[in-house]
Amino acid sequence: MKDDFSIKGEVIGALEGVEDPQAGDNIVNTHLVEQVEVKQGVAEIILVMSADRDRKERFAIEDAVYDAVEGIGGVREVKVQTMTRQALEREARGEKPAPVPGPSPSAKPPGGPGQKPGPSGGGGMPPSAPIEGVGRVIAVASGKGGVGKSTVAVNLALALQKLDYRVGVLDIDIYGPSLPTLLGVAGRPAVSNRRILPIEASGLRIMSLGFLMEEDSPVIWRGPIVTGIIRQFLRDVDWSGLDYLIIDMPPGTGDAQLALAQTVPVDGALVVTTPSDLALLDAARGLQMFKTLNVEVMGIVTNMARFVVPSSGEEFFIFGKPEEVAKEAKRLETTVLGEIPLDTEVRRGGDEGQPVVLADPESPVSQAFIDLAKSVAAAQPVGAEGGQEEGAKKGLFSFLKS
Ligand code: ADP
């Protein structure tokens, strides 16, 4: 049998046969191949491409890499991950914690205590069933677009990770999946043993509709297609070994929300809103929808709650006063679970693929995300018996560390 080292040599040789159409040379010579590793016949290849490279071209290169490597004797499996240089450098600076391990025996079995039964499918759909190996499923929703839902979802996920939880993010925002941009990750998920493998970025396991879409091409997905994709993302992706799976929902109340609630039991939902009247009105609708779907609304997150002038500490309430949200929350019989200030670093971090909780973890706005994560973990604890009893473990994996 061939050893991994000699297989690696053959893999690199095969990659030298894949052309980079932009340069008219092979992808090894043009430095698109960042890393090749072979372990027990599993070839893992990291490619580096700029975020603005044409998607079709990227997909064609990835396909050619699969084709070139799959046929090599001794290769059992091929994993290809494409990243931006920026994301790679972030990892090199040690900002990425240890890779998320594969399926773990400590992960909860299906039907474990972490997940409650949800609404049954109905309409010929299979009944809702928990995701194997996932502690809690938390939906981050909003009544309307542009209130910072995706920003909250990704920073909340990173904040939970800072609290030592294993976290995944699933982006099913059919109108504008933004997770790849927010985390500076490009790539196409690999498939292994008929399971889709989430992409790993900044220690999170992530999956996004954005990985499947052509850039800049408006996609209008209608009911059954949305439902099918969401089901596949929940059922066919290997999410095992997570404490929390955060779902970045599309705004509003539509097919996606229904599909989610009918596919898996959702442990809790957060509704993100700005303090403006209009956003609040839509948030109330979102809240009502979750109640109808039998999903527990954990609370409202007020985003862009206030702007604090860094030099003077003076506060401005650009979208309205957060007290208005608190009043509305009371009327809707829920609470405000977190308040995130308006901060240019949040916007910049989102644009540059470097969320603020990673870029500046000590800043007040990151602290607000960490406080929100603590509230989420307290409301939806993971661990023995769903962590309902006192002294529950911090995370499914925490006992390994103690
Ligand atoms: P949604 O998912 O609700 O459509 P996004 O998360 O994409 O909203 O955010 C919309 C825009 O607002 C983005 O440019 C994002 O960087 C910015 N943004 C979100 N939250 C904040 C905040 N707290 N401070 C400053 N900018 C923010």
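**Figure 1. The aromatic pair of the predicted model.** This predicted model holds one aromatic pair. Its two members are Y165 and Y244, whose rings meet edge-to-face. A pair of this kind is described in general by the distance of the ring centres and the angle of the ring planes. Here the centres are 5.2 Å apart, and the planes form an angle of 85°. The pair links distant parts of the chain, as Y165 and Y244 are 79 residues apart. Y165 belongs to the loop between α4 and β7 (167-171), whereas Y244 belongs to strand β12 (residues 242-248). Both Y165 and Y244 are buried.

**Figure 2. A charged side chain over an aromatic ring.** This view shows R188 together with F59. The charged end of R188 sits over the ring of F59. The distance from that charged end to the centre of the ring is 4.4 Å.

**Figure 3. The surroundings of the ligand.** The shell around the ligand consists of 15 residues, of which G146, K149, S150, T151 and P341 come nearest. Which residues place polar atoms beside an oxygen atom of the ligand? V147 has a backbone N or O atom that lies 3.1 Å from such an oxygen atom, and a polar backbone atom of K149 is 2.9 Å from an oxygen atom of the ligand. N303 takes part through its side chain: an N or O atom there is 2.9 Å from a nitrogen atom of the ligand. On its own, the ligand has 560 Å² of accessible area, and the protein covers 80% of this area. Two elements, α4 (149-162) and α10 (344-351), give two or more residues each to the shell. Of the elements, α4 gives the most, with three residues. Sorted by class, the shell has six nonpolar residues, six polar residues and three charged residues.

**Figure 4. Two residues with positive phi, H31 and S202****.** Most residues other than glycine have a negative phi. H31, which is not a glycine, has a positive phi of about 65°. The place of H31 is the loop between β2 (25-26) and β3 (33-39). Is H31 buried or exposed? H31 counts as exposed because its relative accessible area is 56%. S202 also has a positive phi, near 50°, and is likewise a residue other than glycine. The loop that holds S202 runs between β10 (199-201) and β11 (204-208). S202 counts as buried because its relative accessibility is 6%.

**Figure 5. D52 and its surroundings in a loop****.** D52 is found in the loop between β4 (42-48) and α2 (55-70). With a relative accessibility of 67%, D52 counts as exposed. The side chain of D52 is joined to the side chain of S50 by a polar contact of 2.6 Å. The view also includes T84, which is 32 residues from D52 along the chain. The C-alpha atoms of D52 and T84 are separated by 9.6 Å.

**Figure 6. Q380 and its polar contact with R136****.** Q380 lies in the loop between α12 (364-379) and α13 (398-401). Is Q380 buried or exposed? Q380 counts as buried because its relative accessibility is 3%, and a residue under 20% is placed in that class. The side chains of Q380 and R136 are joined by a polar contact of 3.0 Å.

**Figure 7. D371 in helix α12****.** The helix α12 contains D371. At a relative accessibility of 40%, D371 counts as partly exposed. L160 is shown with D371: the two residues are 211 residues apart in sequence. In space, the C-alpha atoms of D371 and L160 are 9.6 Å apart.

Methods:
Residues numbered from 1 in each chain as written. Predicted model: local features only at pLDDT ≥ 70, side-chain atom pairs only at ≥ 80, totals over all residues. Heavy atoms only, no water. Near = heavy atom within 4 Å. Polar contact = N/O pair within 3.5 Å; in protein donor to acceptor, adjacent residues only side chain to side chain. Areas by Shrake-Rupley, 256 points an atom, 1.4 Å probe, with all protein chains shown as cover. Helix = DSSP H or I, 4+ residues; strand = E, 2+ residues; numbered from the N terminus. Nonpolar A, V, L, I, M, F, W, Y, C, P; charged D, E, K, R; others polar. Phe/Tyr/Trp six-rings, centres within 6.5 Å; stacked < 30°, edge-to-face > 60°. Buried < 20%, exposed > 50% of the residue type's maximum accessible area, 1.4 Å probe, protein only. Lys NZ or Arg CZ within 6 Å of the ring centre and 35° of its normal.
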